[in-house]
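Biologist: Please take one part of this protein and examine it closely for a first-year student. I should like to hear about the sheet, and then about what accompanies it in the rest of the model.

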Amino acid sequence: MFAARAKDGLNFLSKTTPRRALNALKVLGSYYYSKYSKKPVQLGLPISISIEPTTSCNLRCPECPSGLRFFTRPTGMLRQEFYKDTIDQLHKDLLYLIFYFQGEPYLNPAFLDMVKYASEKGIYTATSTNAHYLNDANSKKTIESGLDRLIISIDGTTQEVYEQYRIGGNLEKVLDGTKNIVKWKKELNSKTPHIIFQFLVVKPNEHQVEDVKKLALEYGVDEVKFKTAQVYDYENDPNQLIPDNDKYSRYKKNKSGSFDIKNPLLNHCWKLWHSCVITWDGLVVPCCFDKDATHQFGDLKETTFAQLWQNEKYQNFRSAILKSRSEIDICTNCTEGAKVWG
């Protein structure tokens, strides 16, 4: 698996152009200047963006707004025309494009065509899927799209355990989809995508951590990643999801028996300088923790990205992060963002 990760890293670096490297240096310099001066400065454009193919999902996972149908914002599908216009604005500076936010990307019929469009512009592309739609045809098209990284969510190695979090899911479909991807990657003699089994560690499945490593080897997966679960009502953990193994928990038990978040919430966030999230209908929000798009910086259907990236709303939000991150609602249950490259 180390060799596969090294190949993926080299593939990522191969996407770097002089312009993209210069932009990354501008962003990095802006972040550190802002962090220490407490004055928000942004000289570059995003190194990375997440764009949402759809808010629809076939599963009903207990801590997912898409699965629970808890959105107050509209649901829908990303349109190709809008998507292409956005990529055309950003591709010369953009290094990394993530095709997910909420929902299951493969439910958008144009999803793989959109991946191909970005791949042809030399952008590193990634997506995350529950793998229920990786039939033979979609798997072949996935390889042909040029997708660089495919994250397959597999939160259990037996159906009984898997379905406790992936409610409505079928583990056999996930494994069949994995077989299809690996098969077509070999048949088309493709170096991509880098295939990852992502295991969201929760109490019902934490005893299968070693089992999923063995399963990955059996199916020819390149890497296994373990992810800690975000629990909305973490103080009480009503769904009993917080694992006993502290290594895989975002939370720690306090003296009263309830839970506190481990993250100290330092007053800076790399995410606000190097990336953003674009919803299916063109709204720009700060990061993946703003699942219901409550902090909207603008609408790309009405303005250019460069104007929006520097507007007053965005700068005020960056300023608020530098002043007191703990007072921002979407930050209070966040364990990411503070580290550069984290």
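Modeller: The answer below begins with the whole protein, turns to the sheet, and then moves to salt bridges, a cavity and one further residue.

The model is a predicted one. The protein contains 12 helices and 11 strands. Along its principal axes, the C-alpha trace extends over about 55 × 50 × 40 Å. For 342 residues, a compact globule would be expected to have a radius of gyration near 20 Å, and the value for this protein, 20 Å, agrees with that expectation. Of the 342 residues, 55% are buried.

The sheet is the part requested. It is an open sheet made of 9 strands, and their order is β6-β5-β4-β3-β2-β1-β9-β10-β11. The pairing within this sheet is mixed. At the edges stand β6, residues 223–228, and β11, residues 298–299, and each of these two strands pairs on one side only. In general, the strands of a sheet pair through backbone hydrogen bonds, in either a parallel or an antiparallel sense. One pair may serve as an example: β2, residues 96–98, and β3, residues 124–129, are paired in the parallel sense over 3 bridges. Within this pair, Y96 stands opposite Y124 of β3.

The edge strands also lead to the salt bridges. Side chains of opposite charge can pair when their charged atoms come close. The structure holds 16 salt bridges. One of them joins K225 and E223, whose closest N and O atoms are 3.4 Å apart; both residue numbers fall in the range of the edge strand β6 (223–228). The two partners differ in exposure: E223 counts as buried because its relative accessibility is 8%, which is under 20%, whereas K225, at 34%, counts as partly exposed.

A second salt bridge connects K301 with D299, and here the closest N and O atoms are 3.1 Å apart. D299 belongs to the range of the other edge strand, β11 (298–299). D299 is buried, at 15% relative accessibility, while K301 is exposed, at 52%. A third salt bridge links R79 to E81, with 4.0 Å between the closest N and O atoms. In this case R79 is exposed at 59% relative accessibility, and E81 is exposed as well, at 56%.

The interior also includes an enclosed space. The structure holds 1 cavity of 30 Å³ or more, and the volume of the largest cavity is about 80 Å³. Its lining is formed by 12 residues, and those nearest the centre are C269, K271, C287, F289 and C334. Two elements, α10 (271–274) and α12 (312–324), give two or more residues each to this lining. By class, the lining of the largest cavity comprises 10 nonpolar residues, no polar residues and 2 charged residues.

Finally, one residue beyond the helix α12 deserves mention. I330 lies in the segment after α12. I330 is buried, since its relative accessible area is 11% and the limit for a buried residue is under 20%. Along the chain, I330 and S34 are 296 residues apart, and their C-alpha atoms are separated by 21 Å.

Conventions: Residues numbered from 1 in each chain as written. Predicted model: local features only at pLDDT ≥ 70, side-chain atom pairs only at ≥ 80, totals over all residues. Heavy atoms only, no water. Pairing = 2+ DSSP bridges. Helix = DSSP H or I, 4+ residues; strand = E, 2+ residues; numbered from the N terminus. Salt bridge = Lys/Arg side-chain N within 4 Å of Asp/Glu carboxyl O. Buried < 20%, exposed > 50% of the residue type's maximum accessible area, 1.4 Å probe, protein only. 1 Å grid on protein atoms, 1.4 Å probe; cavity = no way out; pocket = protein on both sides within 12 Å on 5 of 7 lines; lining within 4 Å. Points joined across faces, edges and corners; volume = space filled by probe spheres on them. Nonpolar A, V, L, I, M, F, W, Y, C, P; charged D, E, K, R; others polar. Rg over C-alpha atoms; globule rule 2.2 N^0.38 Å.
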